[in-house]
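User: I am new to this structure and would like a close look at a single part of it, together with enough of the whole to see where that part belongs. Please take your time and connect one point to the next.

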Amino acid sequence: MALTRRHAILITVFVAAAALLGYLRDPPWLLSTTSGLRPWETDADGTRFRWMGGHASVFVPSSARAVELPVRTTFNAPGDWPITVTVAIDDRMSDRIVLSDGEWRSMRLRLPPPGGRKVRRLDIRLDRTRDDNYGAAIGELRIR
């Protein structure tokens, strides 16, 4: 009887652990999660954007075929160096752009075919930041 009860407990713990790991692999709240981004702001022309430091991450649905990422930075001081923006999708290099003025640029990222996950992580990295850890402004993603 004790051996059967022990087996039942072990099976229950194993099933609960497997269910928890399956849930944490693709949690439903992941699409609304970001890191490395400041709160939303609005330009004078109505453009919404968020400032990032040296590294930011966002998640997009894996069913998307492409993502358009608007990006810009500031050039407030004479002689400000250009900033290189690099984007990786699921830890694989996707695109790179050099920002040499304060205009918005659009990075068009083609996503690989959907895999076994429901989301893809986009890592946006800068080669440097400005004062107060401001690097680049990221506009609203356009998912296609």
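Analyst: What follows begins with the whole chain and then turns to strand E5 and its surroundings, with a residue of that strand, Thr86, as the starting point.

The model is a predicted one, and its chain holds one helix and ten strands. Read from the N terminus, the order is α-β-β-β-β-β-β-β-β-β-β, with the helix ahead of the strands. The C-alpha trace spans about 80 × 30 × 30 Å along its principal axes, and the radius of gyration is 21 Å, whereas a compact globule of 144 residues would come near 15 Å. Of the contacts in the chain with a separation of 6 or more, 70% join residues that are 24 or more positions apart. Buried residues make up 33% of the 144 residues, and the accessible surface comes to about 9,300 Å², with 56% of that area belonging to carbon and sulfur atoms. The chain carries 22 positive and 16 negative charges, and the mean positions of these two sets are 12 Å apart.

Now to the part itself. Strand E5 covers residues 83-89, and Thr86 lies within this strand. Thr86 counts as buried because its relative accessible area is 18%, which is under the 20% cut-off for that class. The side chain of Thr86 makes a polar contact with the side chain of Arg96, at 3.2 Å. Once the neighbours within four places in sequence are set aside, the residues in contact with Thr86 are Met93, Asp95, Arg96, Asp123, Ile124 and Arg125. Strand E6 takes in residues 92-99 and strand E8 takes in 119-126, which gives a place in the chain to these partners of Thr86.

One of those partners, Asp123, leads on to another strand. The side chain of Asp123 makes a polar contact, at 2.4 Å, with the side chain of Ser57, a residue of strand E3, which runs over residues 48-61. Ser57 is buried, because its relative accessible area is 6%. Apart from its neighbours within four places in sequence, Ser57 is in contact with Thr33, Thr34, Ser35, Arg121, Leu122 and Asp123. Asp123 is thus listed among the contacts of Thr86 and also among those of Ser57.

The loop that follows strand E5 deserves attention as well. Asp91 sits in the loop between E5 and E6, and Asp91 is classed as exposed because its relative accessible area is 58%. The phi of Asp91 is near 70°, a positive value in a residue other than glycine. Most residues other than glycine have a negative phi. A further positive phi, near 65°, belongs to Asn133, which is found in the loop between E8 and strand E9 (136-139); with a relative accessible area of 41%, Asn133 is partly exposed.

On the other side of E8 in sequence, the loop between strand E7 (105-110) and E8 contains Pro113, which counts as exposed because its relative accessibility is 65%. From C-alpha to C-alpha, Pro113 and Trp40 are 30 Å apart in space, with their positions 73 residues apart in sequence.

Taken together, the close look runs from Thr86, buried in its strand, by way of Asp123 to the buried Ser57, and it passes the exposed Asp91 in the loop between E5 and E6.

Terms used. Residues are numbered from 1 along each chain as its sequence is written. Side-chain values use heavy atoms; hydrogens and water are left out. Helices (H or I, at least four residues) and strands (E, at least two) are DSSP runs, numbered from the N terminus. The radius of gyration is taken over C-alpha atoms; the globule rule is 2.2 Å times the number of residues to the power 0.38. Buried means under 20% relative accessible area, exposed over 50%, partly exposed in between (1.4 Å probe, protein chains only). Contact means heavy atoms within 4.5 Å. Accessible areas come from the Shrake-Rupley method with a 1.4 Å probe; for residues, only the protein chains shown count as cover. Lys and Arg count as positive and Asp and Glu as negative; His and the chain ends are not counted. The place of a charge is taken as NZ of Lys, CZ of Arg, CG of Asp or CD of Glu. A polar contact is a pair of N or O atoms within 3.5 Å; within protein, one must be able to donate a hydrogen and the other to accept it, and residues adjacent in sequence count only if both atoms are side-chain atoms.
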